[in-house]
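User: Could you walk me through how to read some features of a protein model? I would like the general idea each time, and then the case at hand.

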Amino acid sequence: MKLKQIPSRYTFKWRVFLICLVLACGMWFLIHLSKTYISPIKIVVNYNQLSSNKILYNKKCDTIDAVVEATGFQIFRYKNTSPEVNINLNDVLLSQGNHYFWLPNRSQSILKENLAIRRIVNIVSSDTIFLNLDERVCKMVRINPKLSFDIPKGYRIKNLKYSTEKAEIFGPKKLLHTINGINTEEKEVKISSSNASYVVSLQLPANVTSPNKSIKLEAQLERITQKIIELPIKVKNLPPNAEIKLVPDRVKIAFTTGFSEYETLTENDFEVICDVKNITNFTSSLPLEFSKYPKNITQLQIKPMTTQVIVISK
């Protein structure tokens, strides 16, 4: 069955009709949007220009519900995106004792001017908005590094230097009273050269500012090596008139140190002891331990780790 083709003159008429319908609907929509309506909207209030000796904390803005009279275009826009209004607190801030607040209904002219609308019919959410204000003070606190280091095998960090150990911070007096230090970012620093420098960010608490956003770290590497020293064992808690013999009475200690200290470290920097306080038998094997050693060495070992204690007389 062969379909009948619609004459082109009818197709043209339908196209003209649809175009006219779209234009008519668009004109109707524009005419109605240009009219004035009363509608509820949400307004985001941003606070600024506070006096230099005061600081606002816990919140930087508020959202208030208001009924406004505006054009359809404005209402349509504000329904999709809440309008933002900047409020100069020096103009609207009120206080009663230690409480600070402002009255949105008394500030309708400021809100109206910022929104460029005909009028604000009413503030629905609250007639009084309380603010947390405190005296803005300065405090010097220590910086707590939260860093770990990745260094090449066979090296150690010889010198580690920070550009500053303290930072000046500003904020509310009550908050700064609880802060004794600020941390750096938690970060693994990969040191790949003998002399290197890095920038590390500071983690400032909320409502706290500082002119120092970061600190500089300088690290110096040096090669490490192992050293072995032989020294005598010292006896601790030997009873009066007692005589004992240690076998062996000397031990070797092994440790890892940097090249710069290899020659300077001697047996005088170490002390190995044997505590005989609780000895009961005439012959006992007791452990050895360090009572003195430099703090900047690693992998410290005693060879052997025990000694035979022979009681000659008590």
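Analyst: Happy to; we will go from the overall form to ring pairs and then to single residues. Keep in mind that this is a predicted model.

User: Let's begin with the whole chain. How many helices and strands does the chain have?

Analyst: The chain has five helices and 23 strands.

User: What does the radius of gyration say about the chain?

Analyst: The idea is to set the value beside that of a compact globule with 314 residues, which would be near 20 Å; the chain has 40 Å. The C-alpha trace spans about 125 × 85 × 40 Å along its principal axes. As for burial, 31% of the 314 residues are buried. The exposed area of the chain is about 20,700 Å², with carbon and sulfur atoms supplying 52% of it.

User: And what share of the contacts between residues at least 6 apart in sequence join residues at least 24 apart?

Analyst: That share is 72%.

User: Now the rings. How should I read an aromatic pair?

Analyst: Two things describe a pair of aromatic rings: how far apart the centres are and the angle between the planes. In this model the count is four aromatic pairs. Take tyrosine 47 and tryptophan 102: the ring centres are 6.2 Å apart and the planes stand at 80°, so this pair is edge-to-face. The cut-off behind that label is an angle over 60 degrees.

User: Which strands does that pair link?

Analyst: Tyrosine 47 belongs to strand E1 (residues 36-48) and tryptophan 102 to strand E6 (residues 99-102), so to speak distant parts of the chain, 55 residues apart. Tyrosine 47 is buried because its relative accessibility of 10% falls under the 20% limit. Tryptophan 102 is buried too, at 0%.

User: What kind of pair do phenylalanine 101 and phenylalanine 130 form?

Analyst: A tilted one, with 5.8 Å from centre to centre and 55° between the planes. This pair also links distant parts of the chain: phenylalanine 101 lies in strand E6 and phenylalanine 130 in strand E8 (residues 129-131), 29 residues apart.

User: Are the two partners, phenylalanine 101 and phenylalanine 130, buried or exposed?

Analyst: One of each: phenylalanine 101 counts as buried at 13% relative accessibility, whereas phenylalanine 130 is exposed at 52%.

User: Rings can also meet charges. Where does the charged end of lysine 227 sit?

Analyst: Over the ring of tyrosine 262, at 4.8 Å from the ring centre.

User: How do I read a single residue in a loop? Where is asparagine 237?

Analyst: Start with its place, then look at accessibility and partners. Asparagine 237 is in the loop between strand E16 (214-236) and strand E17 (243-247). At 37% relative accessibility, asparagine 237 is partly exposed. Setting aside neighbours within four places in sequence, asparagine 237 contacts Asp275, Val276 and Lys277. The side chains of asparagine 237 and aspartate 275 are joined by a polar contact of 2.9 Å. For lysine 277, which is 40 residues from asparagine 237 along the chain, the C-alpha separation is 5.1 Å.

User: And for a residue in a strand, what does threonine 256 touch?

Analyst: The same steps apply. Threonine 256 is in strand E18 (residues 250-258), and it is buried at 8% relative accessible area. Not counting residues up to four places away in sequence, threonine 256 touches Ile224, Thr225, Gln226, Ile297, Thr298 and Gln299. With glutamine 299 there is a side-chain to side-chain polar contact of 2.9 Å.

Note on methods
Residues numbered from 1 in each chain as written. Predicted model: local features only at pLDDT ≥ 70, side-chain atom pairs only at ≥ 80, totals over all residues. Heavy atoms only, no water. Phe/Tyr/Trp six-rings, centres within 6.5 Å; stacked < 30°, edge-to-face > 60°. Helix = DSSP H or I, 4+ residues; strand = E, 2+ residues; numbered from the N terminus. Buried < 20%, exposed > 50% of the residue type's maximum accessible area, 1.4 Å probe, protein only. Lys NZ or Arg CZ within 6 Å of the ring centre and 35° of its normal. Rg over C-alpha atoms; globule rule 2.2 N^0.38 Å. Contact = heavy atoms within 4.5 Å. Areas by Shrake-Rupley, 256 points an atom, 1.4 Å probe, with all protein chains shown as cover. Polar contact = N/O pair within 3.5 Å; in protein donor to acceptor, adjacent residues only side chain to side chain.
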